[in-house]
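Colleague: I should be grateful for a close look at a single part of this structure, namely the disulfide and the aromatic pairs. Please set out the criteria as you go.

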Amino acid sequence: MKSTSLSLIAGAVALAAVTGFAALTAPGDGGTAEAGAAARLPVERSSLLCPAPSMSDLAETTYSSFTPTGENGGEAGAADLKPAEPLPTDEDAPADEDADKKDADKKDADKEKAAVSKPVISLKDLGKPGTAETAKSDAPALVGTATGKFAPGWTVQQTTTTAAGGARGLLGVSCTAPDTDFWFPGASTGASRQDYVHLTNPDDTAAVADIELYGADGPLKSEVGEGITVPARSSVPMLISTLTGEAAENVTVHVTTRTGRVGAVVSAAEDEVGSDWLAASADPAGTQVMPGIPADATSVRLVAFAPGDDDADVKIQLLGKNAAFSPAGNATLHIKSRMTASVDLKDVTRGEPGSLRLSPADGSTTPVVAALRVVRGTGAKQEVAFIPATEAVGERASVADNRAKGSVLSLTAPGATAKVKVTASAGSEAGEATVKTYTVKGGTTLEVTPEAPAGLKGGYALTVETESGGPVHAARTLTIPEGGVDMFTVQTLPDDGGTVEVPAAEQDLSVLDD
């Protein structure tokens, strides 16, 4: 007999590194092989999708791409962002066209294909952002893929400044991974709002999505929110108010796909208040944390939704600079099943930075999703941003496009006291990385102004790593003064998913052949 060794372990490890899941099965026994201590390995591939930035002629958009240094997967790899546009073909050309016409059409198609295939950004180095800018009002959505050493922890920030007009504001969003299920509490179909759901399909086949809307009294009637086709490598913006005839100030949007996958994000523009992106809430859970409420917030509105069959009762707590407390008159919130609940917390921070935590009250364990609408300024100088509930930083999380001035990092520890390491990366043009360690007291929010890289030119990225203690939730606020208005945007920092858990096989996986 001869023994033929199988590469099942290597195959399972590779599968897990790409998909986040793998199982080891010994041939012939019909079961899963016993595993020892699980190992964590770097992912080998990441995908991100950036929505079309703006339709305003006054908009200027910056893209910043970044992968932190660390345990990265291999030496080779790339991280490219390309336009989300189908590659042109000549399959539809009329068969009776003369040869010269066909040749000219083919040359035009080749030029168009080359333009679509050319990356907007190609990341060159680990630990150093790559940037690109555009002022086009018709700039397309972008589809990005990172492989090899650039995949673990890859992040892209899209930041648009619109100085005037109905979409005036600083619109920031961390480009999203494709998925099949998204929740957006905090949208609106009211007369003063123009909210769009942007659906971007990264794949070579069409995706089919459904959009459900929920107001204060339950589902909003819609006959056009089902079966929305998102063509291959394309993006579709849907004006939410056209999906229903019902006007509702506070709406929860639920996006799912029947086939395929999409990236989804909501652009929200509010008359006389400004505009920003509303990113998806963390998955439904009994406890939710929304970090990074600015100290000078003049209005904070909580919007929450219970997607299950049961009502939810949650305790509302502000995690302030020194302690956690419940806002006066708003210690709890009752959220009816499949109905959007909201509460105006006004200037709840009262001059100190804070974060909001929702936790089960009166024994309720019903999962919820949530987000905050935050306004700074008054009168004609108001500006709006949104803070969705977010997962903890976990092992590591990063946010790109920080400037020499205007970046503030909020760290909150909803449970036990924690210690985190914050790295300001090398600058996109020049500057050396800096590292600082912070201790965040349990039940409080710590706001810090990051120490910019020495000799900074261009922008930089921030990476937060949990070193000890309880979970930490984080958010970055970027503020840019424009025309007397402090325009701002807030991005949360959930765990970057740069590694996946792979079980260590303790069983000899081999096949004995006669």
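Modeller: The account below takes the disulfide, then the aromatic pairs, and closes with a charge over a ring and the sheet beside it in the discussion.

This is a predicted model, in which local features need pLDDT of at least 70 and side-chain atom pairs count only at pLDDT 80 or more, while totals for chains, interfaces and linings use all residues. Residues are numbered from 1 along each chain as its sequence is written, and side-chain values use heavy atoms, with hydrogens and water left out.

A disulfide is taken as a pair of cysteine sulfur atoms within 2.5 Å, and by this rule the count is 1 disulfide. The partners are C50 and C175, whose sulfur atoms lie 2.1 Å apart. The link of C50 and C175 is right-handed, with 110° about the S-S bond. Because C50 belongs to strand β3 (residues 45-50) and C175 to the loop between β10 (169-174) and β11 (181-187), the pair ties together parts that are 125 residues apart in sequence. Strands here are DSSP runs (E, at least two residues), numbered from the N terminus. Buried means under 20% relative accessible area, exposed over 50%, and partly exposed in between, with a 1.4 Å probe and protein chains only. C50 counts as buried at 0% relative accessibility, and C175 is buried as well, at 7%.

Rings of Phe, Tyr and Trp (its six-membered ring) pair if their centres lie within 6.5 Å; planes under 30 degrees apart count as stacked, over 60 as edge-to-face and the rest as tilted. The structure holds 3 aromatic pairs. F182 and F184 are stacked, because their ring centres are 6.3 Å apart and their planes stand at 15°. Both F182 and F184 are buried. Y214 and F305 form a tilted pair, with 4.8 Å centre to centre and 45° between the planes. This pair links distant parts of the chain, since Y214 is in strand β13 (residues 207-215) and F305 in strand β21 (residues 297-305), 91 residues apart. Y214 and F305 are buried. Ring pairs also link W183, Y214 and F305 into a cluster.

A charge sits over a ring if NZ of Lys or CZ of Arg is within 6 Å of the ring centre and within 35 degrees of the ring normal. The charged end of R376 sits over the ring of F488, 4.8 Å from its centre. Two strands pair if DSSP finds at least two bridges between them; an open sheet of 4 antiparallel strands runs in the order β34-β30-β37-β38.
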